[in-house]
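Visitor: Hi, I have a structure open and would like to go through some of its details. Could we begin with the loops?

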Amino acid sequence: MNVHLVGNGASNSLYHWHNQDFTVACNIPKTIYPYSTLSIIDLKVLLWLDKNRTAIKPVEIWCTPEVKTYAENKSLPGDYKDVYEKKHRYNSGHHAIKHMAKTHKIIHMWGMDSMFTTDLTSQMDDRVVRTARPNLNMQWRPNWTTVFNEAPNTQFIVHIPEGAEGVDYAKNCCYQHHKK
């Protein structure tokens, strides 16, 4: 079984689900691929979900204790598991990868465009409106190095579009190019 994290960047369209895969999706994906688990750390995502309750299938949702408490108080769909400890400038992808690396030795990453471009647009942008967004990719990138270095026996494969150039995060992180 392959394990995948699918983010909300434009390159998540490169991901193609296979029947035996375990797939963690960040936030509330718009794509139609099946996912096994969601990773949600932002209360703004839950505010949107509270108004759009049929937007997700009832799966396990990895989150922080704060998100779990809010979701349970609002009786939001899903099985919320507080497996994350809130960390400054960690996004839902950081948290999911750190959690997945505890039990998996090869992890595929898709749609994580902020790791290799300056593009911070997300499929969530029309759902969770952010009036101002700091240059988060430069703040997130050092955290990727930390996460990868904390799991030296796990191989992280970041799938990116052909022609894109990867960033050197750690020895156990590599890139695989795909045609769009």
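Guide: This is a predicted model, and a good place to begin is S75, which sits in the loop between α2 (65-73) and β5 (79-82).

Visitor: OK, what about the phi of S75?

Guide: S75 has a positive phi of about 55°, although it is not a glycine. As background, most residues other than glycine have a negative phi.

Visitor: And is S75 buried or exposed?

Guide: S75 counts as exposed, because its relative accessibility is 57% and the cut-off for exposed is over 50%.

Visitor: Which residue in the loop between β5 and α3 should I look at?

Guide: Look at R89, which lies in that loop between β5 and α3 and has a positive phi of about 60° although it is not a glycine. With a relative accessible area of 30%, R89 is partly exposed.

Visitor: Changing topic to helices, how do the axes of α3 and α4 cross?

Guide: The axes of α3 (residues 92-100) and α4 (residues 136-149) come within 10 Å and cross at roughly 5°. That angle makes α3 roughly parallel to α4, since angles under 35 degrees count as roughly parallel.

Visitor: Which residues make the contact?

Guide: From α3 the contact uses G93, H94, I97 and K98, while α4 brings W140, N143, W144, V147 and F148. Sorted by type, the residues of the contact of α3 with α4 are five nonpolar, three polar and one charged.

Visitor: How many residues does α4 have, and which of them are buried?

Guide: Helix α4 has 14 residues and reaches 20 Å from its first C-alpha to its last, close to the 20 Å expected at 1.5 Å a residue. The buried residues in α4 are L136, N137, W140, R141, N143, W144, V147 and F148, and what covers them includes α3, β6 (106-110), β7 (155-161) and β8 (173-178).

Visitor: Now cysteines: how many disulfides are there?

Guide: The count comes to zero disulfides, where the cut-off for a pair of cysteine sulfur atoms is within 2.5 Å.

Visitor: Why is C63 not bonded to C26?

Guide: The closest cysteine sulfur to that of C63 is the one in C26, and because the two are 14 Å apart, they are too far for a bond. C63 is also buried, with a relative accessible area of 0%.

Visitor: And what is the nearest cysteine sulfur to C174?

Guide: That is the sulfur of C173, which is 6.6 Å away, and C174 is in no disulfide. With a relative accessible area of 31%, C174 is partly exposed.

Note on methods
Residues are numbered from 1 along each chain as its sequence is written. This is a predicted model: local features need pLDDT of at least 70, side-chain atom pairs count only at pLDDT 80 or more; totals for chains, interfaces and linings use all residues. Side-chain values use heavy atoms; hydrogens and water are left out. Buried means under 20% relative accessible area, exposed over 50%, partly exposed in between (1.4 Å probe, protein chains only). Axes are lines fitted to C-alpha atoms, for helices over the stretch in contact, and angles run from 0 to 180 degrees between N-to-C directions. Helices (H or I, at least four residues) and strands (E, at least two) are DSSP runs, numbered from the N terminus. Angles under 35 degrees count as roughly parallel, over 145 as roughly antiparallel, 65 to 115 as roughly perpendicular and the rest as oblique. Contact means heavy atoms within 4.5 Å. Ala, Val, Leu, Ile, Met, Phe, Trp, Tyr, Cys and Pro count as nonpolar, Asp, Glu, Lys and Arg as charged, and the others, Gly among them, as polar. The expected span of a helix is 1.5 Å times one less than its number of residues.
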